[in-house]
Amino acid sequence: MSTDGQSLAACRARFRVADRPRQGPATGVYHAAFTGPAWLGAIAPAGLRLSGLAGWCGKQLDAGGGVNLLRGADGRITPRLRMSGQLALSGADGEPCWQLRYPRQAGWPWRWVVDELRPLDAAGEHWLGLTWLDLPGLRGLSFPFRLQREHGVGLTPASA
């Protein structure tokens, strides 16, 4: 079930029925795409630009978490904003997910951002993510994205 063009509620419902991970995604590079309502894909890049992640195009993940990947105007991909990862109970439904959290020193808004992932296929090649702010009154508001594992892509070990 694709979540492209679906409402935020439908994307959250798809997340709730996705398989519960027993471990995080395999180490590697994952291409990101916005999913859900068309308006989200239209405004999300501007929001990311304002928050310091202009050109966000994916994540490089490993057993300890990962780092966001940004594509510059020259097409080069650079890592930015490391996050830690662990199996945790989702803020969406209290069930297991792979949860990525940013360090306190990450600044606004990242110190409060939580990315939660669940696999969309048995091989763990595709993951559905929900991003939300861990702040009172905002915990129920989440935005969906998809990650797809890229094979044969070599970047330096996750840092930044």
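This report describes the barrel, the helices, the polar side chains and the largest pocket of a predicted model.

The model is a prediction, in which local features need pLDDT of at least 70 and side-chain atom pairs count only at pLDDT 80 or more, whereas totals for chains, interfaces and linings use all residues. Residues are numbered from 1 along each chain as its sequence is written, and side-chain values rest on heavy atoms, with hydrogens and water left out.

## The barrel

In this model, 8 strands close into a barrel in the order 1-2-3-4-5-6-7-8, with antiparallel pairing. Between neighbouring strands of this sheet the average turn is 35°, direction ignored, where axes are lines fitted to C-alpha atoms (for helices over the stretch in contact) and angles run from 0 to 180 degrees between N-to-C directions. Helices (H or I, at least four residues) and strands (E, at least two) are DSSP runs numbered from the N terminus, and two strands pair if DSSP finds at least two bridges between them. The pairings of strands 1 to 4, together with that of strand 1 and strand 8, are set out below.

| Strand pair | Bridges | One bridge partner pair |
|---|---|---|
| Strand 1 and strand 2 | 4 bridges | Val29 and Gln60 |
| Strand 1 and strand 8 | 6 bridges | Ala33 and Arg146 |
| Strand 2 and strand 3 | 6 bridges | Gln60 and Val67 |
| Strand 3 and strand 4 | 7 bridges | Asn68 and Arg80 |

Strand 1 covers residues 28-34 and strand 2 residues 56-62, and Gly28 stands opposite Leu61 in strand 2. Gln60 of strand 2 has Val29 as a bridge partner and is also paired with Val67 in strand 3. A hairpin with 2 residues in its connection joins strand 2 to strand 3, while the hairpin of strand 3 and strand 4 has 5 residues between the strands, and there Gly75 takes a positive phi near 90°. Strand 3 (residues 65-71) is largely enclosed by the rest of the structure, because 6 of its 7 residues are buried; buried means under 20% relative accessible area, exposed over 50%, and partly exposed in between (1.4 Å probe, protein chains only).

## The helices against the strands

Helix 1 (residues 8-17) holds the buried residues Leu8, Ala10, Cys11, Arg12, Arg14 and Phe15. The elements that cover these buried residues include helix 2, strand 5 (96-101), strand 6, strand 7 and strand 8, contact being defined as heavy atoms within 4.5 Å. Helix 2 (residues 38-50) lies across strand 1, strand 2 and strand 8 (142-150), and runs at about 120° to strand 1.

## Polar side chains on the strands

Three basic side chains can be followed through their polar contacts, each such contact being a pair of N or O atoms within 3.5 Å; within protein, one atom must be able to donate a hydrogen and the other to accept it, and residues adjacent in sequence count only if both atoms are side-chain atoms. Lys59 lies in strand 2 and is buried, with a relative accessible area of 1%. The side chain of Lys59 makes a polar contact of 2.9 Å with that of Asn68 and another of 3.3 Å with that of Tyr102. Leaving aside residues up to four places away in sequence, Lys59 touches a set of residues including Gly28, Val29, Met83, Leu100, Asp115 and Phe145.

Arg118 is placed in strand 6 (residues 113-119) and counts as buried because its relative accessibility is 0%. The side chain of Arg118 reaches the backbone oxygen of Glu95 at 3.0 Å, and a polar atom of that side chain lies 2.8 Å from the backbone oxygen of Pro96.

Arg82, in strand 4 (residues 77-89), is partly exposed, with a relative accessible area of 26%. The side chains of Arg82 and Asp62 are joined by a polar contact of 3.4 Å, and the backbone oxygen of Gly66 lies 3.1 Å from a polar atom of the Arg82 side chain. The C-alpha atoms of Arg82 and Pro103 are separated by 7.8 Å, although the two residues are 21 residues apart along the chain.

## The largest pocket

The largest pocket has a volume of about 640 Å³. Of the 27 residues that line the largest pocket, Gly47, Leu48, Trp110, Thr131 and Phe143 are the closest to its centre. Helix 2, strand 2, strand 6, strand 7 (126-133) and strand 8 are the elements that give two or more residues to this lining, and helix 2 supplies the largest share, 7 residues. On a 1 Å grid over the protein atoms alone, a pocket is an open set of points with protein on both sides within 12 Å along at least five of seven lines, as opposed to a cavity, where a 1.4 Å probe fits but cannot get out, and lining residues have an atom within 4 Å of a point. Grid points are joined across faces, edges and corners, and a volume is the space filled by probe spheres set on the points.
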